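Hi there,

Here is the structure I promised to pass on to you. Please have a look at it first, and then read my notes below.

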Amino acid sequence: MLTFEQKLEIIESFPGLTRKDVSMKRVNFHFEESLYDKKIAVYHLHPTGNGFVYVGNLPHYEVDKKGFVNIRDFSEKELRSVLADSLDYLSLEPEPPYDKTWTNRDNEKLDLVYEEPFWNVYTGKNLEESFGTFDNAEDYLIEQGFKEKN
């Protein structure tokens, strides 16, 4: 397990993070360039080594209800990776709303809707398939003989 000082050194090596000392010797780091209201990237880093990094709803992390992952037992590599993911998450434009109808030769219709974080294909109000990316959803629809209705 990394020490508090080691974690501080790693976190402070990331540009764009601003240190904010808070109560009980804890430290937060804000990412002022965030495209969201959420500015805290590192929350309550404590001298015991406990602390949290915001990753929102990224699928490969176990997060609490506020989108933070506990970094207490993270290695240097894991900490660097989660910090990079956090800053990417906070600095990338969200997917634009997407709700388009796709049709096939028989004039059957499917709706492709982006419902964060999934791309869902509906037949009327019934969910037919769900995908992690637009490309996967698009490939599925094309394979099924559908194209985007203009």
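The domain assignment splits the protein chain of this predicted model into two parts: domain 1 covers 4-91 and domain 2 covers 99-148. Between the C-alpha centres of domain 1 and domain 2 there are 36 Å.

On secondary structure, the protein chain contains 10 strands along with three helices. Reading from the N terminus, the order of its elements is α-β-β-β-β-β-α-β-β-β-β-α-β. The protein chain is more spread out than a compact globule, because its radius of gyration of 20 Å is well over the 15 Å that the globule rule gives for 150 residues. The box filled by the C-alpha atoms, taken along the principal axes, tells you the overall dimensions: roughly 65 × 25 × 25 Å.

Next, a few totals that you may want at hand:

- Burial: 37% of the 150 residues of the protein chain count as buried.
- Contacts: if you take those between residues at least 6 apart in sequence, 38% join residues at least 24 apart.
- Surface: the protein chain exposes about 9,500 Å², and 49% of that comes from carbon and sulfur atoms.
- Charge: there are 18 positive and 29 negative charges in the protein chain, and the mean positions of the two sets lie 6 Å apart.

One loop deserves a look at its backbone angles. Most residues other than glycine have a negative phi. Which residues in the loop between β1 and β2 go the other way? One is M24, which is found in the loop between β1 (17-21) and β2 (27-31). Although M24 is not a glycine, its phi is positive, at about 55 degrees. K25 also lies in the loop between β1 and β2, and the phi of K25 is a positive value near 65 degrees, again in a residue other than glycine.

Are these two residues buried or exposed? M24 has a relative accessible area of 58%, so it is exposed. K25 counts as exposed too, because its relative accessibility is 67%. The cut-off behind both calls is a relative accessible area over 50%.

If you open the file with one place in mind, I would suggest the loop between β1 and β2, where M24 and K25 sit. After that, you could turn to the two domains, 4-91 and 99-148, with their C-alpha centres 36 Å apart.

Happy to talk it through whenever it suits you.

Best wishes

Conventions:
Residues are numbered from 1 along each chain as its sequence is written. This is a predicted model: local features need pLDDT of at least 70, side-chain atom pairs count only at pLDDT 80 or more; totals for chains, interfaces and linings use all residues. Side-chain values use heavy atoms; hydrogens and water are left out. Domain bounds come from an automatic or database domain assignment. Helices (H or I, at least four residues) and strands (E, at least two) are DSSP runs, numbered from the N terminus. The radius of gyration is taken over C-alpha atoms; the globule rule is 2.2 Å times the number of residues to the power 0.38. Buried means under 20% relative accessible area, exposed over 50%, partly exposed in between (1.4 Å probe, protein chains only). Contact means heavy atoms within 4.5 Å. Accessible areas come from the Shrake-Rupley method with a 1.4 Å probe; for residues, only the protein chains shown count as cover. Lys and Arg count as positive and Asp and Glu as negative; His and the chain ends are not counted. The place of a charge is taken as NZ of Lys, CZ of Arg, CG of Asp or CD of Glu.
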